[in-house]
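Trainee: I've got a new protein on my screen and I'm not sure where to begin. Can you show me how to read it, one feature at a time?

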Amino acid sequence: MTHPRSPHGPLLPSGHVDTFARDHLPPAELWPDLVLDGPGPPGPAVLNCGAELLDATVERFGADRPAFHCPGRPPWTYGELRATVDRIAHVLTDDLGVVPGNRVLLRGPTTPHLAACWLAVMKAGGVAVTVLAQARATELATMCGIAQVRHALCDVRSVDDLAKAGVPGLRITTFGGDGPDDLLHRAAPKPAGYAAVRTAADDVALIAFTSGTTGRPKGCMHFHRDVLAVADTFARHVVKPVPDDVFAGSPPLGFTFGLGGLVIFPLRAGASALLLEQAGAPRLLAAVPEHRVSVLFTAPTAYRAMLADPSWDAYDLSSLRRCVSAGENLPAATWHAWHEATGLRIINGIGATELLHIFISAADEAARPGVTGLPVPGWEARVVDRDGARLPDGEPGLLAVRGPVGCRYLADERQRGYVRDGWNFTGDTYVREPDGYFRYVARADDMIISAGYNIAGPEVEEALLRHPDVAEAAVVGRPDEARGQIAVAYVVLRPGARRDPEGLRAFMKAELVPYKCPRAIEFLDALPRTATGKLQRFRLREPGTVR
């Protein structure tokens, strides 16, 4: 059955004191329809996803099971994780003055402590805004401004750019340091018990930022029930985790792909996760036999890199049973090569920050190389034209989906483009095959997808234009065998400026997260434009057509 807006009818009475997030939800008429598995509401009206993922899991499986593994240290048990989370929650509410509904920025490498901070924010009724450890000061300032963030928990190793961002009124509390004000030092004497705030199922739990196709990032708001919904649809029905599973992967917790695969899914199943600060292909390959990893989350680029590793034959990968790929299209050649080398069928999937996680996928005998898959149970999908009319099977068009989670941008007019007539439009071109499988064709907008990372060309262009020698800039994607696409910058310099690509690269690395920096820089005397001055991006995408 399909429900507009909240499955409980109008929004439930909020457990938030600070109502900023709810106050800035899109207008009700721009909400996507929700698809529920059965009649009636999908869960209780009062729901705290942190308590469900931690307290309820401890009740079901016990406190002595491993929860998080970290190289070089004994694993954290569920009991130790809960005690740490509860002590941090006490610091948030007792010492820092965080009230339910306050946005709390979380920043740092992927560690058990960062995951514990996220869970503590959930239990305290806060709204987690988890960002990448590599995010630069200008990016951090923009996101904090959009979400009106006033509290931050930050790994001491990642604090410099956050401090440099100069966010007005931001209170930064570091963890992992030696000082008396360190979060973990303050948490140590707190009680190892915390009664989770009674948040409503449709109170906002997190704001995840995505670049979108314009330079200004979009804040995607997700409810407490949404967090559990992605675990109870994709994870439960496709990944099918068991309590003895060990999850690992490359996506950081600042991406919802990583948050789901490394925190939400394993905790919901009573399983454990290996949290790696450095999770490149060589480290992942070595981690599988070392920690007996059974469920792996990464992008196609990493699967190709692992296959190409000269030490491949030295690693025992027999513990693996589920390999999930998302973030970019999985080529059939990569699927076949991995299957031939391991006997495992990669679980391909497409997800979106706007929808929190994966909504089309297929596993086991249902998996097909070169095809994304079928709508995950609980989700619906169709291919439509630009007016929203359903297209016949075999004809490419825009992908539209709906399910238990939907897009809700934070005070952003782009909501009108993403949600139309109750459906979420992902910006992808797809074909629906006659047997119901969905096959990816291309991005329908100017997003560059490189090694699983979304790069908005206009955002990179804005950073280039901050260089004093740059007069004009355009950034487009170029096909690349290893990464799917790479970002290529076409630059017009100011008169008298010297062409210095290395200097420009160094400047960009100080402005943007490394993955957003152009892999190639080409200098032009002028950008191709129409008679009316509109940039002709299609010419830049065709090598050799512009000099």
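**Reading the model together**

Mentor: Sure, let's start with one residue: A45 sits in the loop between β2 and α2 (49-53). Keep in mind that this is a predicted model.

Trainee: Is A45 buried or exposed, or something in between?

Mentor: In between. Partly exposed covers relative accessible areas from 20% to 50%. A45 has 35%, so it counts as partly exposed.

Trainee: And how do I spot parts of the chain that are far apart in sequence but meet in space?

Mentor: Compare the separation along the chain with the C-alpha distance. A45 and A201 are 156 residues apart in sequence, yet their C-alpha atoms are 5.3 Å apart. Another pair is E29 and V419: they lie 390 residues apart along the chain, with 9.9 Å between their C-alpha atoms.

Trainee: Where is E29, and how accessible is it?

Mentor: E29 belongs to the loop between α1 (20-23) and β2 (33-35). Its relative accessibility is 58%, and exposed means over 50%, so E29 counts as exposed.

Trainee: What share of the contacts across the protein join residues at least 24 apart?

Mentor: Take the contacts between residues at least 6 apart in sequence: 68% of them join residues at least 24 apart.

Trainee: Let's zoom out, then. How many helices and strands are there?

Mentor: The protein has 17 helices and 27 strands. For compactness, we set the radius of gyration against a rule for globules. Here the radius is 23 Å, close to the 24 Å that the rule gives for 547 residues, so the protein is as compact as a globular protein of that length. Its C-alpha trace spans about 65 × 55 × 55 Å along the principal axes.

Trainee: How much of it is buried?

Mentor: Of the 547 residues, 59% count as buried. As for the outside, the accessible surface comes to about 21,000 Å², and 51% of that belongs to carbon and sulfur atoms.

Trainee: What does a buried residue look like up close?

Mentor: Try N348, which is in strand β15 (residues 347-351). Buried means under 20%, and N348 has a relative accessible area of 5%, so it qualifies. Setting aside residues up to four places away in sequence, N348 touches S325, L330, I360, S361, A362, V371 and T372.

Trainee: Which residues have the most contacts inside the largest nonpolar core?

Mentor: They are L81, W118, L153 and F234, in a core of 92 residues. Look at L153: beyond its neighbours within four places in sequence, its contacts include I88, L92, V104, F175 and L183. There is also a second, separate core of 51 residues, with C144, L162, V167 and L170 among them.

Trainee: What about backbone angles? Which sign of phi should I expect?

Mentor: Most residues other than glycine have a negative phi. That makes a positive one worth a look. K240 is not a glycine, but its phi is positive, about 55°. You'll find K240 in the loop between α9 (224-239) and β11 (246-249), and it is partly exposed, with a relative accessible area of 44%.

Trainee: Where is D364, and what is its phi?

Mentor: D364 also isn't a glycine, and its phi is positive at about 55°. D364 is in the loop between β16 (358-361) and β17 (374-375). With 35% relative accessibility, D364 counts as partly exposed.

Trainee: One last thing: how far apart are the mean positions of the positive and negative charges?

Mentor: They are 2 Å apart, taken over 58 positive and 62 negative charges.

Note on methods:
Residues numbered from 1 in each chain as written. Predicted model: local features only at pLDDT ≥ 70, side-chain atom pairs only at ≥ 80, totals over all residues. Heavy atoms only, no water. Helix = DSSP H or I, 4+ residues; strand = E, 2+ residues; numbered from the N terminus. Buried < 20%, exposed > 50% of the residue type's maximum accessible area, 1.4 Å probe, protein only. Contact = heavy atoms within 4.5 Å. Core = buried A, V, L, I, M, F, W, Y, C linked by side-chain atoms within 4.5 Å. Rg over C-alpha atoms; globule rule 2.2 N^0.38 Å. Areas by Shrake-Rupley, 256 points an atom, 1.4 Å probe, with all protein chains shown as cover. Lys, Arg positive; Asp, Glu negative; His and termini not counted. Charge placed at Lys NZ, Arg CZ, Asp CG, Glu CD.
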